[in-house]
Amino acid sequence: MRMNVGEIQNHHHGILNTGQRKQSLPIETCSLRSLISFRPTRVIRSTSGFTLIEIMVVIIILGILVGLIVPRFMEKPEKARVVKAKLQIESISAALKEYKLDNGYYPTTDQGLQALVEKPSIGKIPKNYPEKGYIPKIPKDPWGNEYVYMSPGDHEDFDLISYGPDGEEGGEGKNADVRSWEIE
């Protein structure tokens, strides 16, 4: 069978033009040569990956976010320590008040907070001391320092103080003391 150029192109696409009408040919009738010579007109390339500019923009955005957010989280642990100190002071204060309810007085400054853990052997000896004490042990403040106890106190029946992060009396801002009479 002879074909002209138009018929060859149509034959290549599986269409036979016989002059009157176009007929589709089954794919088996296409020549092997026409299938091998078929080349797509458009090549699709994979463009996955990031350019250096895109990576730099992401790094800059992350840097800005870190600069804005991290300082807020850095203050949280210090605020948490102050809250913990206040809670410990309130807990120790509750044990001291229970001691007074049982015995009619608070432990003296000389007896200290240890009077809440074990029966005092100096000063006024309590008559109604529980077998296991009032608390199992005296905690250190969140900065690892001992609480300061005075009875009678300068501000209340007893004063209980944490000297804060610097461990020294006084201080302002983040080094401020946590005092029992200032807790609301």
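A residue counts as buried when its relative accessible area is under 20%, as exposed when that area is over 50%, and as partly exposed in between. This cut-off is needed at several stops of the tour, among them glutamate 182, which at 43% relative accessibility counts as partly exposed. The structure on display is a predicted model.

**The whole chain**

Please begin with the entire protein chain in a cartoon view. Its secondary structure comes to 3 helices and 5 strands. Followed from the N terminus, the elements run α-β-β-α-α-β-β-β. The chain has 184 residues, of which 27% count as buried.

**The salt bridges**

Next, display the side chains of the charged residues. How many salt bridges does the structure hold? There are 3 salt bridges in the structure.

Select aspartate 177, arginine 179 and glutamate 182 together; salt bridges link these residues in a network. On one side, arginine 179 meets the side chain of aspartate 177, with an N to O distance of 3.6 Å. On the other, arginine 179 meets the side chain of glutamate 182, here at 3.0 Å from N to O. Is aspartate 177 buried or exposed? With a relative accessible area of 7%, aspartate 177 is buried. Arginine 179, at 22% relative accessibility, counts as partly exposed, and glutamate 182 is likewise partly exposed at 43%.

Now move to glutamate 146 and lysine 140. These two residues form a salt bridge whose closest N and O atoms are 3.4 Å apart. Glutamate 146 is partly exposed at 49% relative accessibility. Its partner lysine 140 has a relative accessible area of 46% and is partly exposed as well.

**The tyrosine cluster**

Hide the charged residues and show the aromatic rings instead. A search of the whole structure finds 6 aromatic pairs. Select tyrosine 99 and tyrosine 105: the ring centres lie 6.1 Å apart and the planes stand at 75°, so this pair is edge-to-face. Tyrosine 99 has a relative accessible area of 0% and is therefore buried. Tyrosine 105, at 15% relative accessibility, also counts as buried.

Keep tyrosine 99 selected and add tyrosine 129. The centres of these two rings are 6.4 Å apart with the planes at 75°, so the pair is edge-to-face. Which parts of the chain does this pair tie together? Tyrosine 99 belongs to helix H3 (residues 52-103), whereas tyrosine 129 lies in the loop between H3 and strand S3 (148-150), so the pair connects parts that are 30 residues apart in sequence. Both tyrosine 99 and tyrosine 129 are buried.

To complete the view, add Tyr134: ring pairs link Tyr99, Tyr105, Tyr129 and Tyr134 into a cluster. Then show lysine 124. The charged end of lysine 124 sits over the ring of tyrosine 105, at 4.3 Å from the ring centre.

**A cis peptide bond**

From the cluster, proceed to serine 151, in the loop between S3 and strand S4 (159-162). Serine 151 counts as buried, with 13% relative accessibility. Select proline 107 in addition: its backbone oxygen lies 3.3 Å from a polar atom of the serine 151 side chain.

Follow the backbone onward to proline 152, which is also found in the loop between S3 and S4. What is the form of the peptide bond from serine 151 to proline 152? That bond is cis, with omega near 0°.

**Along helix H3**

The last stops return to helix H3. Display the molecular surface and select Ile53, Val57, Val58, Ile60, Ile61, Leu62, Ile64, Leu65, Leu68 and Ile69. These residues make a nonpolar surface patch of about 930 Å². Isoleucine 69, one of the patch residues, is found in helix H3 and counts as partly exposed at 38% relative accessibility.

Finally, select leucine 87, which also lies in helix H3. Is leucine 87 buried or exposed? At 53% relative accessibility, leucine 87 counts as exposed. Add isoleucine 183 to the selection and show the C-alpha atoms. Leucine 87 and isoleucine 183 are 96 residues apart along the chain, and their C-alpha atoms are separated by 9.3 Å.

Terms used:
Residues are numbered from 1 along each chain as its sequence is written. This is a predicted model: local features need pLDDT of at least 70, side-chain atom pairs count only at pLDDT 80 or more; totals for chains, interfaces and linings use all residues. Side-chain values use heavy atoms; hydrogens and water are left out. Rings of Phe, Tyr and Trp (its six-membered ring) pair if their centres lie within 6.5 Å; planes under 30 degrees apart count as stacked, over 60 as edge-to-face and the rest as tilted. Buried means under 20% relative accessible area, exposed over 50%, partly exposed in between (1.4 Å probe, protein chains only). Helices (H or I, at least four residues) and strands (E, at least two) are DSSP runs, numbered from the N terminus. A charge sits over a ring if NZ of Lys or CZ of Arg is within 6 Å of the ring centre and within 35 degrees of the ring normal. Patches are made of residues with over 30% relative accessible area and no salt bridge: like charges are joined within 9 Å, nonpolar side chains (Val, Leu, Ile, Met, Phe, Trp, Tyr) within 5 Å. Accessible areas come from the Shrake-Rupley method with a 1.4 Å probe; for residues, only the protein chains shown count as cover. A salt bridge is a side-chain nitrogen of Lys or Arg within 4 Å of a carboxyl oxygen of Asp or Glu. A polar contact is a pair of N or O atoms within 3.5 Å; within protein, one must be able to donate a hydrogen and the other to accept it, and residues adjacent in sequence count only if both atoms are side-chain atoms.
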